[in-house]
Amino acid sequence: MSAARTGEAAAPADADPRRWWGLTVIALAQLMVVLDATIVNIALPSAQRDLGMSDGNRQWVITSYTLAFGGLLLLGGRVADLVGRKRTFVVGLVGFAVASAIGGAATGPGMLFGARALQGVFAAVLAPSALSLLTTTFTDPRERGKAFGIYGTLAGSGAAVGFIVGGVLTEYLDWRWCLYVNIPIAVAAVIGALVLLHDRPGRAGARLDVPGVVLGCGGLIALVHGFSEAEPRGWTDPYVLALFAAGIVLLLAFVWWQTRAPMPLLPLHIIRDRNRAGCFLTMMLAVMGMFGMFLFMTYYLQVVLGYSPVKTGLAFLPLTLSILIGSTQISARLLHRVGPRMLMVPGMLLASGGMVILTQMTVHSEYATEILPALILMGLGMGLTFMPVFSTATAGVAPWDAGVTSATVNTSQQVGGSIGTALLNTIATTSSASYLTAHLTDPSRRELVTKEAIVHGYTVAIWLAAGIMLLAGLVASLMVTARAPQHGIPSEERMPEAVA
């Protein structure tokens with residue numbers, strides 16, 4: 001039966017017949033990177049006891065990874081464009097596996113901190129390589145919808161899956177397996193990449209924009225570090241303010257230099273595009289709200305409701321399934337028929353509605369009737385949003401800019417996650433402290449009032465997260481004006497004047 005009669009678009013004549021198997025490899029690698037952002041959270045209490053970490057230093061298990069990952073993404077994306085995405089994909093996988101092995105075998109806090117930073121370095125190479133390989137492999141609009149639906153599911157649900165896997169490994173094996181688990185995944189992905197993935201060669205004679213690397217990566221590292229330090233130190237701490245100031249100055253200098261650099265690290269035509277800029281901003285705002293929710297719900301389920309790590313992880317499973325449905329069964333089927341914002345705006349409204357439901361939770365809330373509906377709404381909303389964001393942000397990008405564009409998408413995620421975690425957690429803890437001071441009048445009720453104060457802080461912060469989700473929907477409605485995708489990426493011959 002012909003493609004026309006079945007309603008399916010014919011694959012391009014030059015399409016790789018093994019591209020769907022290649023997607024499996026790309027998805028496996030991306031899942032590993034996304035998982036690692038949360039899987040270690042579950043293992044952190046056990047690792048702290050085992051290695052004798054202080055309460056003040058334990059944050060570096062998380063921060064060292066996010067600093068290296070978020071700060072070096074632009075560099076990783078441009079290196080992928082220059083030397084070839086398949087090559088950097090494989091290097092990233094091997095390096096990530098080696099760093100995971102070192103972390104799993106850590107004999108002290110310093111060794112674990114260093115291994116986590118090394119994981120972040122190789123994740124900064126791996127993540128943009130994976131997304132740009134996906135971008136250059138799937139050029140047909142319908143196939144892009146399916147491929148990016150799967151990728152969007154991983155981006156939105158990977159954190160929740162990390163809680164499940166981390167809970168199982170920590171409870172039944174050992175915290176070290178939260179790092180060791182990356183090794184077999186990476187080995188399988190390397191073998192698959194060498195056999196199944198194809199790529200255009202890197203650009204001959206191209207050079208790396210070293211001043212751009214120093215300014216751009218330095219600015220991002222300063223900002224991400226500032227947000228991570230704002231939570232324990234406070235937003236008005238001189239060190240935090242100095243980091244923010246340094247980050248802003250470096251990024252402004254970076255933008256100025258990119259207008260003059262002969263081979264810029266981030267060609268500004270990428271972020272000048274209205275639709276692409278709208279996608280970057282929508283992603284950052286959506287992740288701000290989402291990461292705060294993951295953090296609060298993990299502690300709520302374990303500390304307030306008394307769930308085990310495994311039960312907590314399983315409680316997030318409906319969220320993961322909802323993201324899968326939203327991405328692959330709704331967004332992927334509709335994106336070639338409607339404009340991206342027709343999916344992104346309703347998606348953010350659904351996610352915000354789920355957040356509003358969570359603001360009603362108490363110390364005695366029932367999971368099935370009060371938590372589950374909110375998780376399903378948020379999952380559907382994020383699935384509707386992330387898939388068109390990834391597809392639209394990378395659509396129409398020249399092959400030589402695919403890596404750095406993919407890195408910019410990932411950077412918006414990392415910066416959004418850092419801002420959301422620091423901002424919402426600060427609001428939650430401040431609100432909890434105020435509630436405790438006002439309501440702790442009877443010492444015999446201290447345990448109950450403490451839990452009520454924790455939940456009060458979470459609900460106040462979740463109200464703000466709901467507002468941030470609405471703002472993301474507003475940004476998408478105003479900035480993302482692209483029509484339903486009809487064309488693939490431009491060919492090598494159509495090099496824009498800014499690059500030629």
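Biologist: Which five residues lie nearest the centre of the second largest pocket?
Modeller: This is a predicted model. In it, 17 residues line the second largest pocket. Those nearest its centre are Leu-220, Leu-266, Ile-271, Thr-408 and Thr-411.

Biologist: Which helices each supply at least two residues of that lining?
Modeller: Take the second largest pocket again, with a volume of about 500 Å³. Four stretches qualify: residues 210-233, 238-258, 274-304 and 402-439. They are helices H9, H10, H12 and H17.

Biologist: How many residues in the lining of the second largest pocket are nonpolar, polar and charged?
Modeller: Sort the lining by class. Leucine and isoleucine count as nonpolar, and threonine counts as polar. The second largest pocket has 13 nonpolar, four polar and no charged residues in its lining.

Biologist: What is the volume of the largest cavity?
Modeller: Rolling a probe the size of a water molecule over the atoms shows where empty space is left. A search of the whole structure turns up one cavity of 30 Å³ or more. The space in the largest cavity is about 40 Å³.

Biologist: Which helix gives the most to the lining of the largest cavity?
Modeller: The lining consists of Val-40, Ala-43, Ala-47, Val-61, Leu-112, Trp-175, Cys-178 and Leu-179. Helix H2 (19-51) and helix H7 (177-180) each supply at least two residues. With three residues, the top contributor is H2.

Biologist: How many of the residues lining the largest cavity are nonpolar, polar or charged?
Modeller: Val, Ala, Leu, Trp and Cys count as nonpolar. The lining includes Trp-175 and Cys-178. By class, the largest cavity is lined by eight nonpolar, no polar and no charged residues.

Biologist: How many disulfides does the structure hold?
Modeller: A disulfide is a covalent bond between the sulfur atoms of two cysteines. Pairs of sulfur atoms must lie within 2.5 Å to count. The number of disulfides in this structure is zero.

Biologist: Is Cys-279 buried or exposed?
Modeller: Buried means under 20% relative accessible area. Cys-217 has 4%, so Cys-217 is buried. Cys-279 has 0%, so its class is buried.

Biologist: Which residues does Met-479 touch, not counting those up to four places away in sequence?
Modeller: Met-479 sits in helix H18, residues 446-479. Its C-alpha is 9.3 Å from that of Thr-282, although the two are 197 residues apart in sequence. The residues touched are Arg-274, Asn-275, Ala-277, Gly-278 and Leu-281.

Biologist: What is the exposure class of Met-479?
Modeller: The partly exposed class runs between the 20% and 50% limits. Met-479 has a relative accessible area of 26%. Met-479 is therefore partly exposed.

Biologist: Which residues are in contact with Glu-452, leaving aside neighbours within four places in sequence?
Modeller: Glu-452 also lies in helix H18. Its relative accessibility is 24%, so Glu-452 counts as partly exposed. Its C-alpha and that of Leu-436, 16 residues apart along the chain, are separated by 8.3 Å. The contacts of Glu-452 are Val-363, Tyr-435 and Arg-445.

Biologist: How many helices and strands does the chain have?
Modeller: Start with the chain as a whole. Of its 500 residues, 55% are buried. Among contacts with a separation of 6 or more, 85% join residues 24 or more positions apart. The count is 18 helices and zero strands.

Biologist: What share of the accessible surface belongs to carbon and sulfur atoms?
Modeller: The accessible surface of the chain comes to about 19800 Å². The share of carbon and sulfur atoms is 66%.

Technical notes
Residues are numbered from 1 along each chain as its sequence is written. This is a predicted model: local features need pLDDT of at least 70, side-chain atom pairs count only at pLDDT 80 or more; totals for chains, interfaces and linings use all residues. Side-chain values use heavy atoms; hydrogens and water are left out. Buried means under 20% relative accessible area, exposed over 50%, partly exposed in between (1.4 Å probe, protein chains only). Contact means heavy atoms within 4.5 Å. Accessible areas come from the Shrake-Rupley method with a 1.4 Å probe; for residues, only the protein chains shown count as cover. On a 1 Å grid over the protein atoms alone, a cavity is a set of points where a 1.4 Å probe fits but cannot get out, and a pocket is an open set with protein on both sides within 12 Å along at least five of seven lines; lining residues have an atom within 4 Å of a point. Grid points are joined across faces, edges and corners, and a volume is the space filled by probe spheres set on the points.
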